[in-house]
Amino acid sequence: IALIVNLPSLLAQGISVFTGNDPMDRLQAVVITYSRDGTLTQAVLMREMENYLTSSGFWMTVGLNLVAWLVTPCLALGMYKWLMDRLRKAPVTDAVEGAFCRVRLFFRAIGLQLLVILKILLWMLPGIGLFIGLTFSLYRAQTAVAADSVLRTVNALTLPVILVMAVPGAIAALRYAMAEFILADEPETKITECVHRSKEQMR
């Protein structure tokens with residue numbers, strides 16, 4: 001059942017790799033090719049990335065990943081329901097039917113996922129703000145000496161900034177971890193109620 005749920009993402013990734021449109025593969029190929037010739041520069045990298053970002057292959061990859069992202073949440077709800085039924089020793093359907101048993105919650109599953117992502121991002125906001133501020137100060141440095149000074153400061157603050165983002169993000173992810181299980185188990189529950197109940201349960 002986990003394979004069925006992850007199949008859209010696996011297919012999207014497989015098609016991107018098979019057609020040569022995977023961004024990491026493309027970047028690696030560019031680096032290897034130009035490094036071998038000794039002509040690898042920032043300008044070359046920027047030109048190759050710009051060519052990739054304006055290609056039809058890039059937009060095909062984005063489209064496939066978007067479709068996979070839209071389909072997966074309702075399939076995941078079906079899997080959670082199927083697994084909970086097994087744990088409760090309730091009668092269960094086969095894996096295929098189980099995976100598709102919550103398809104009618106398609107829009108609510110997407111809404112719940114977006115709400116949880118938004119709440120996690122809000123928890124991470126202080127760290128994101130620090131990161132943007134440090135990056136902007138490095139960008140604004142007018143001289144090489146100033147840039148060097150700012151870069152040393154950025155390097156010194158990298159770990160604290162990551163912690164300010166990661167720790168609240170992890171706490172938020174744990175707070176809302178039960179929301180999908182609640183919606184899978186009680187499909188009539190509002191998505192805001194799922195989030196609230198998850199917070200209470202995890203507390």
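Here are three short exercises on helix α4 and the nonpolar core, each with a worked solution.

The model is predicted, so local features need pLDDT of at least 70, side-chain atom pairs count only at pLDDT 80 or more, and totals for chains, interfaces and linings use all residues. Residues are numbered from 1 along each chain as its sequence is written, and side-chain values use heavy atoms, leaving out hydrogens and water.

**Exercise 1.** Work out how the span of α4 compares with the expected value, and find where α4 has a kink.

*Solution.* Start with the length: α4 has 32 residues (helices are DSSP runs of H or I, at least four residues, numbered from the N terminus). Next, its first and last C-alpha lie 46 Å apart, close to the expected 46 Å (1.5 Å times one less than the number of residues). Finally, look at threonine 72, where a kink of about 30 degrees lies shortly before proline 73; the bend is the angle between axes fitted to the seven residues ending there and the seven starting there.

**Exercise 2.** Decide whether aspartate 85 and lysine 89 are buried or exposed.

*Solution.* Take aspartate 85 in α4: its relative accessibility is 14%, so it counts as buried (under 20% relative accessible area; exposed is over 50%, partly exposed in between, with a 1.4 Å probe and protein chains only). Then move to lysine 89, in the loop between α4 and α5: at 74%, lysine 89 counts as exposed. Its phi is positive, near 60 degrees, in a residue other than glycine.

**Exercise 3.** Find the contacts of valine 116 beyond its neighbours within four places in sequence.

*Solution.* Setting those neighbours aside, valine 116 is in contact (heavy atoms within 4.5 Å) with Tyr176, Ala179 and Val195.

Technical notes. Helices (H or I, at least four residues) and strands (E, at least two) are DSSP runs, numbered from the N terminus.
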